Amino acid sequence: MTSDDQPLLEVEDLTTTFSTDDGTLTAVDGIDFDVETGETVCIVGESGSGKTVATESITKIIKTPPGHIEGTVRYKGRDLLSLPESELRQIRGNEIAHIFQNPQEAMNHCYTVGWQITEALQIHRDVSDEEARAKAVDLMDRVGIANASSRFDDYPHEFSGGQKQRVMIAMALVGDPDLLIADEPTTALDVTVQAQILRLLDDLQDEFDMGVLFVTHDLGVVAEIADRIVVMYAGKVMERGDVLDIFDRPAHPYTQQLLECLPEFGGTGGGIPGTLPDPHDPPDGCRFAPRCEYAEEACRTGEQPEEVEVAPDQQVSCVHYGPGGNPSIVRSEGHGPGDGATGGDSEVGPADD
Amino acid sequence: MGFGRYVTARVLWAGVVSLVITTITFLLLSAAPNPDVQQAATQAALQGGNPAEATERVRELRGLDQPLYVRYFDFIRGVYTLDWGWSESRSQPVLEAVGSALYYTAQYSIPWTILTIILGPLVGVYSAANMYSWKDHAATGFAFFGYAIPNFFFGIILLLVFGVWLQFIPVTYNTDVAVFSVENAVQLTIPVFVLVTGSIGAVMRVSRNESAEFQNADFMKTAKAKGVSPLRAYAYHVMRPTLVPLSTTLVGQLLALFLGSSLLVEVVFAIPGLGRLTYKALIAQDTNLVLGTTLFFTFVAVVGNLLEDIVFTVLDPRISYDDR
Ligand code: SF4
């Protein structure tokens with residue numbers, strides 16, 4: 001637990017750009033969010049919204065250059081972005097661990113899973129091979145791999161997709177991290193396995209008392225695991241807050257549309273019409289304006305609207321909630337089911353890639 | 001475990017291949033006119049004797065009157081029991097001639113092989129890590145140069161510069177110096193350098209391209225997220241998978257150069273190794289010796305390919321032995 005009510009992770013004005021041949025691409029554009037110990041925060045958005053880049057900017061695992069990261073990322077009060085690379089390495093895999101989308105690609109096919117699980121331990125701690133092995137076998141067992149001690153010496157190709165992701169989770173947990181960043185960890189898996197992995201992550205979070213930052217485009221998954229959510233669109237945060245509040249009373253037109261796509265809310269499971277703006281040349285004003293049914297003149301000029309607190313712990317970036325705006329324009333039509341339908345057992349995402 | 005069986009099968013197969021090659025050699029030899037027989041016939045005719053009788057006598061002496069299969073088994077037994085006959089031109093057993101030549105060939109082949117195996121992948125991966133920088137261009141340029149320039153020609157140029165003009169090295173290889181002496185190292189520098197530039201190009205190119213793929217792989221991101229340093233990430237996560245495709249290129253390149261260019265280099269630098277031995281045997285029409293060196297190179301190639309197969313299988317854990 002962190003002291004003084006300080007959040008485990010505080011992200012402030014995080015901006016990540018990439019220099020490309022076509023000019024500068026802004027993937028993440030000044031976003032804010034927090035993660036507390038023991039809670040799960042989901043970053044939600046269509047693919048291309050910048051959610052992966054945002055999480056990979058936290059410990060700077062994106063390549064810089066071409067990437068360029070600005071802003072503040074405070075982990076237990078330390079600003080990670082100003083730390084030298086050598087100190088960041090001490091934090092990666094040790095205090096902050098990552099799980100990626102595709103376990104098949106995320107493992108090196110030339111090494112045994114045991115070698116790959118213990119690697120982080122061997123780097124960060126002064127442990128003997130036996131200790132490392134014992135710890136890895138224990139973790140493999142914990143994440144649900146049968147006959148862990150004999151499977152320690154097997155190669156990744158000898159595991160199924162779901163088992164590989166379990167191994168990746170063991171790999172992430174080996175350093176006893178306080179923050180786990182999981183980037184679409186179930187997207188590449190089939191539906192039954194997805195549910196198992198989500199349950200496992202949920203159990204492990206309690207057991208290890210970690211903060212979890214979970215990236216997904218799948219609101220069905222969000223409903224199952226999130227405590228709070230951050231809705232991202234085109235590199236900006238549209239809305240963030242408590243998951244129950246937002247599922248109950250989504251304030252932002254984008255969140256409303258995402259939820260409307262869910263079958264539980266009468267949607268077809270399809271996506272929102274239209275496409276994301278060009279990240280090289282984002283539109284003025286609200287990023288969502290070209291696809292927003294409530295867009296007005298004010299939405300198309302200046303910057304993304306300032307975040308406004310519409311309820312305790314629920315921030316929205318939309319002109320209709322801002323000074324002089326009229327929230328009822330967005331809310332009058334009774335958006336959101338209002339029945340607390342957070343059971344969400346759907347596996348169908350609103351905006352599949 | 002399937003590995004032992006796999007290796008056994010590969011070794012047996014290599015044995016079959018070498019037997020096939022030896023058989024073909026035998027058939028070619030028996031189909032060709034035997035110079036000794038012809039010589040005897042000519043001799044007899046010149047001295048007024050009966051050429052047919054002389055021919056018969058020589059054929060008998062050489063066992064050529066035996067049926068083909070008997071001669072075949074004799075020949076095969078000879079090859080595999082290392083009874084490779086007598087070299088007329090060198091007045092010593094063929095095996096002895098090959099052995100003493102190998103002694104000199106090994107002196108430059110071993111350092112050359114080791115340098116290629118170590119430097120090729122290192123420079124290739126370094127090139128990939130600095131892709132499209134001047135370092136990469138310099139390394140690639142060097143690789144293409146070595147690849148493109150004929151080894152014997154490059155050897156002659158260097159010999160001219162360092163041997164004749166600058167006189168850093170003796171123009172003719174000196175066999176009197178000790179193997180592990182500075183003089184020997186100096187006189188072997190240029191041949192080794194020439195061969196390394198010849199073999200390293202392909203090795204560098206393959207390691208650069210393969211490792212370029214791996215350095216952008218997702219598992220490199222995993223490694224970084226685990227706190228792995230860039231150096232360690234390259235050493236373990238890039239180098240190791242690169243070795244799999246590289247092993248094939250490496251053995252192939254070394255073999256091709258050993259069987260081809262090193263002979264020319266020996267002639268250029270006057271190193272009394274296997275290349276020069278073969279060359280001289282050809283000039284002297286010493287059939288047994290030509291056969292001996294040919295067999296030796298054949299076996300090197302067969303063993304090299306065998307090693308390549310086994311190394312590849314050991315390096316890539318995804319290969320199942322049962323499928324091959
Ligand atoms: S600011 Fe305007 S365009 Fe953006 S979400 Fe609100 S209404 Fe739509």
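## Close-up views of a predicted two-chain model

**View 1. The annotated domain of chain A mixes helix and strand.** Over residues 9–259 of chain A, 40% of the chain is helix and 27% is strand. The C-alpha atoms at the two ends of this stretch lie 27 Å apart. Keep in mind as you look around that this is a predicted model. The name of the stretch comes from UniProt, where an unreviewed entry labels residues 9–259 of chain A "domain: ABC transporter".

**View 2. The annotated domain of chain B is 83% helix.** Here we turn to residues 102–308 of chain B, which an unreviewed UniProt entry annotates as "domain: ABC transmembrane type-1". How much strand does this stretch hold? The share is 0% strand, and the end C-alpha atoms are 22 Å apart.

**View 3. Chain B carries spans that UniProt marks as "transmembrane region".** The unreviewed entry lists residues 12–32, 110–129, 141–165, 185–204 and 254–275 of chain B. Let us zoom in on two of them. Residues 12–32 of chain B are 95% helix and 0% strand, with their end C-alpha atoms 30 Å apart. Residues 141–165 of chain B are 92% helix and 0% strand, and there the end C-alpha atoms lie 27 Å apart.

**View 4. Chain B and chain A meet at an interface.** The contact draws 29 residues from chain A and 23 residues from chain B. Together the two chains bury about 2,300 Å² between them, and carbon and sulfur atoms give 59% of that area. Across this interface there are 14 residue pairs in polar contact. On the side of chain B that touches chain A, the helices α8 (182–215), α9 (218–226) and α10 (230–259) each supply at least two residues. That side of chain B is made up of 10 nonpolar, 6 polar and 7 charged residues.

**View 5. A salt bridge joins K226(B) to E119(A).** The closest N and O atoms of K226(B) and E119(A) are 2.9 Å apart. How many salt bridges are there between chain B and chain A? The count is 3.

**View 6. Within chain A, E46(A) pairs with R291(A) in a salt bridge.** Their closest N and O atoms are 3.1 Å apart. Where in the chain do E46(A) and R291(A) sit? E46(A) is in the loop between β3 (40–44) and α1 (51–58), while R291(A) is in the loop between α11 (253–260) and β11 (308–311) of chain A. The pair links distant parts of the chain, 245 residues apart. Over all chains, the salt bridges number 23.

**View 7. Cis peptide bonds lead into P65(A) and P66(A).** Most peptide bonds are trans, so these spots deserve a look. The bond from T64(A) to P65(A) is cis, with omega near -15°. The bond joining P65(A) and P66(A) is cis too, with omega about 5°. You can find P65(A) in the loop between α1 and β4 (67–75) of chain A, and P66(A) is also in the loop between α1 and β4.

**View 8. E184(A) has a positive phi.** Most residues other than glycine have a negative phi. E184(A), which is not glycine, has phi near 45°. E184(A) lies in the loop between β7 (179–183) and α8 (191–208) of chain A.

**View 9. Residues of chain A surround the ligand.** Among them are H252(A), P253(A), H320(A) and Y294(A), along with the cysteines C286(A), C292(A), C299(A) and C318(A). How many charged residues does the shell around the ligand have? There are no charged residues in the shell, which has 10 nonpolar and 2 polar ones.

Notes. Residues numbered from 1 in each chain as written. Chains lettered and ligands numbered in written order. Predicted model: local features only at pLDDT ≥ 70, side-chain atom pairs only at ≥ 80, totals over all residues. Heavy atoms only, no water. Near = heavy atom within 4 Å. Nonpolar A, V, L, I, M, F, W, Y, C, P; charged D, E, K, R; others polar. Contact = heavy atoms within 4.5 Å. Buried area = accessible area lost by both parts, 1.4 Å probe. Salt bridge = Lys/Arg side-chain N within 4 Å of Asp/Glu carboxyl O. Polar contact = N/O pair within 3.5 Å; in protein donor to acceptor, adjacent residues only side chain to side chain. Helix = DSSP H or I, 4+ residues; strand = E, 2+ residues; numbered from the N terminus. UniProt positions renumbered as here; feature names shortened; annotations may be inferred.
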